[in-house]
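Visitor: Hi! I'm new to this one. Could you walk me through it?

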Amino acid sequence: MKRGGGMNAIKRSTERLLVEEGIRYLDKDPVRNLGKMIGLGSKIAAEGDNKKVMKAVSKEWNNKEGNTRKFMEKALSELHPNVRRKLIKNFVLNSYLYGRQDAKRAEEENDCNIPWAVLMDPTTRCNLKCIGCWAAEYDKNDELDFETLDRIIRQGKEIGTYMYIYSGGEPTMRKKDILRLAEIHDDCMFLAFTNGTLIDEPFAKEVQRLGNIAFAISVEGFQKETDMRRGKGTFKKVVRAMDTLKRHGILFGFSTCYHSKNTEMVGSDEYIDFVADKGCLFGWYFTYMPLGKDADTSLIASSGQRAHMYRRVREIRSGKPIFVLDFWNDGEYVSGCIAGGRNYLHINANGDVEPCAFIHYSNVNIKDVSLLDALKSPIFMQYRRHHPFNSNHLRPCPMFDNPQKLVEMVKEADAHSTQPADMETPEELFCKCQKPALDWAQVADDLLKEKQTKKRKRLA
């Protein structure tokens with residue numbers, strides 16, 4: 001599918017020229033001129049949700065005492081000009097504003113979900129062996145070759161997807177290919193979930209030059225908590241990686257799995273102040289998922305701990321110079337689950353196309369089909385038909401919050417397990433997730449009622 005034609009193409013060309021001019025002003029005085037860039041973005045975002053988002057961004061920027069304004073000023077002052085440019089052109093313009101318009105058209109034409117982002121694993125190889133790793137059940141010798149990675153990105157751009165995320169294994173074991181892909185596809189934004197231990201000075205210099213690669217560094221708290229899951233000495237290497245990235249003005253944040261043994265620590269002011277000071281501009285929280293037949297279910301966070309993180313994430317957003325997200329607890333902002341191609345999908349290093357990084361069931365392999373055909377496969381169409389999986393969007397996940405839904409969809413799709421290590425069935429997964437799901441159900445319903453009560457009082 002061609003991106004915009006006729007008058008639409010002319011309009012976009014004109015807007016791009018205006019953005020280029022705006023970026024030149026931004027380089028001269030980033031903080032002073034960002035307001036002008038936001039005003040330009042508001043004019044370009046002329047429809048639907050895009051317009052609402054830009055209006056909200058403009059409001060936050062104009063609030064000079066607000067936390068969002070302070071966060072944006074911090075980002076402008078710390079990021080290298082190359083990174084700022086690519087963030088505006090690739091992330092805001094291509095991926096968010098134009099990409100979502102093209103994706104919407106592709107979705108209507110093909111009657112299937114079109115993702116905002118594609119998560120793919122260049123390799124399953126890793127230099128660490130972390131306890132409870134969600135990728136541990138994959139074959140350790142799998143890799144997606146360069147040609148396949150390149151083809152996925154080319155096909156994605158045809159349907160409006162300009163955001164590509166790497167996981168693994170450890171994606172920086174494929175440094176040369178990651179850099180090459182970013183250079184070839186310099187209209188895309190890339191994010192690598194990494195343990196950070198292989199990030200060094202020569203690599204950082206290349207990333208700075210390209211400007212369109214960001215990193216989410218896995219860390220589980222401070223030294224005690226991180227080394228407990230990731231091995232002795234890992235925390236010191238993580239800190240070194242953060243220092244290197246900050247010195248080069250590269251966009252990065254943290255990726256933290258909260259579980260029964262570290263929740264209070266990773267949600268604390270002490271922890272957030274530490275990672276923000278190190279240069280993290282964003283953070284992803286994930287809760288521990290009991291994947292694999294030998295998964296340690298004692299690490300599953302309690303419903304009370306999950307509720308604690310729900311509240312803490314919202315407090316952090318309003319009071320700290322860092323933007324944090326919670327993969328599960330933010331379901332209320334995206335109307336439920338984002339997987340199944342609705343906002344993203346996962347392609348593992350064997351090429352199996354899965355609805356989610358945590359849902360290891362598939363019908364197709366990307367080596368045999370196009371990205372668009374994969375999105376039309378039975379398991380993805382099951383996601384499209386059954387979403388949302390719960391009317392309470394604080395219970396978004398078909399595996400962890402509504403495990404019976406996953407069992408039903410996998411059966412209907414006749415999908416197979418992509419975990420060669422143990423071929424775990426959805427019924428076996430259901431047995432581990434049922435009790436946590438039931439425990440969380442009552443807490444999540446109470447949180448929803450609490451939120452609705454507060455909203456009614458504000459409107460009264």
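Guide: Happy to; here is a short tour of the sheet, the core, the rings and one helix. This is a predicted model, in which local features need pLDDT of at least 70 and side-chain atom pairs count only at pLDDT 80 or more, while totals for chains, interfaces and linings use all residues. Residues are numbered from 1 along each chain as its sequence is written, and side-chain values use heavy atoms, with hydrogens and water left out.

Visitor: Great. In what order do the strands form the open sheet?

Guide: The order is β7-β6-β5-β4-β3-β2-β1-β8-β9, so to speak from one edge across, with 9 strands and mixed pairing. Strands (E, at least two residues) and helices (H or I, at least four) are DSSP runs, numbered from the N terminus. Two strands pair if DSSP finds at least two bridges between them.

Visitor: And which strands stand at the edges?

Guide: β7 and β9 do; each has a single partner strand, so one side of each has no neighbour in the sheet.

Visitor: What holds paired strands to each other?

Guide: Strands of a sheet pair through backbone hydrogen bonds, either parallel or antiparallel.

Visitor: How do β1 and β2 run, parallel or antiparallel?

Guide: Strand β1 (residues 117-120) and strand β2 (residues 163-166) run parallel, joined by 4 bridges. Leucine 119 has isoleucine 165 of β2 as its bridge partner. Isoleucine 165 also stands opposite leucine 191 in β3, and β2 and β3 pair in the parallel sense over 4 bridges.

Visitor: Is β3 enclosed, or is it open? Which of its residues are buried?

Guide: Strand β3 (residues 189-194) is largely enclosed by the rest of the structure, because 6 of its 6 residues are buried. Buried means under 20% relative accessible area, with exposed over 50% and partly exposed in between (1.4 Å probe, protein chains only). Met189, Leu191 and Phe193 point one way, Phe190, Ala192 and Thr194 point the other way, and all are buried.

Visitor: What about β5, how many of its residues are buried?

Guide: For β5, 7 of its 7 residues are buried. On one pairing, 4 bridges join β4 to β5 in parallel, and phenylalanine 215 has phenylalanine 252 as its bridge partner. On another, 6 bridges join β5 to β6, also running parallel, and cysteine 257 stands opposite phenylalanine 286 in β6.

Visitor: Switching topic: which residues touch the most other members of the largest nonpolar core?

Guide: They are Met120, Phe215, Phe254, Tyr285, Ile347, Phe358 and Met399, in a core of 130 residues. Helix α5 (residues 81-110) gives the most to this core, with 8 residues. Apart from it lies another core, of 6 residues, including Trp440 and Leu447. A nonpolar core here is a set of buried Ala, Val, Leu, Ile, Met, Phe, Trp, Tyr and Cys residues joined through side-chain atoms within 4.5 Å.

Visitor: How many aromatic pairs are found?

Guide: A search of the whole structure finds 22. Rings of Phe, Tyr and Trp (its six-membered ring) pair if their centres lie within 6.5 Å; planes under 30 degrees apart count as stacked, over 60 as edge-to-face and the rest as tilted.

Visitor: Why is the pair of phenylalanine 254 and tyrosine 285 edge-to-face?

Guide: Their ring planes are at 70°, with the centres 5.3 Å apart, so the pair counts as edge-to-face. Phenylalanine 254 lies in strand β5 (residues 252-258) and tyrosine 285 in strand β6 (residues 282-287), so the pair ties together parts 31 residues apart in sequence. Phenylalanine 254 is buried, at a relative accessible area of 0%, and tyrosine 285 is buried at 0% too.

Visitor: Can you show me another pair?

Guide: Sure: tryptophan 328 and phenylalanine 358 form a tilted pair, 5.2 Å centre to centre with 55° between the planes. Ring pairs also link Phe193, Trp284, Phe286, Phe327, Trp328, Tyr344 and Phe358 into a cluster.

Visitor: Last one: which residues of α10 are buried?

Guide: They are Thr234, Phe235, Val238, Val239, Ala241, Met242, Thr244 and Leu245. Helix α10 (residues 234-247) has 14 residues. Just after α10, glycine 249 takes a positive phi of about 65°.

How values were computed:
Expected span 1.5 Å × (residues − 1).
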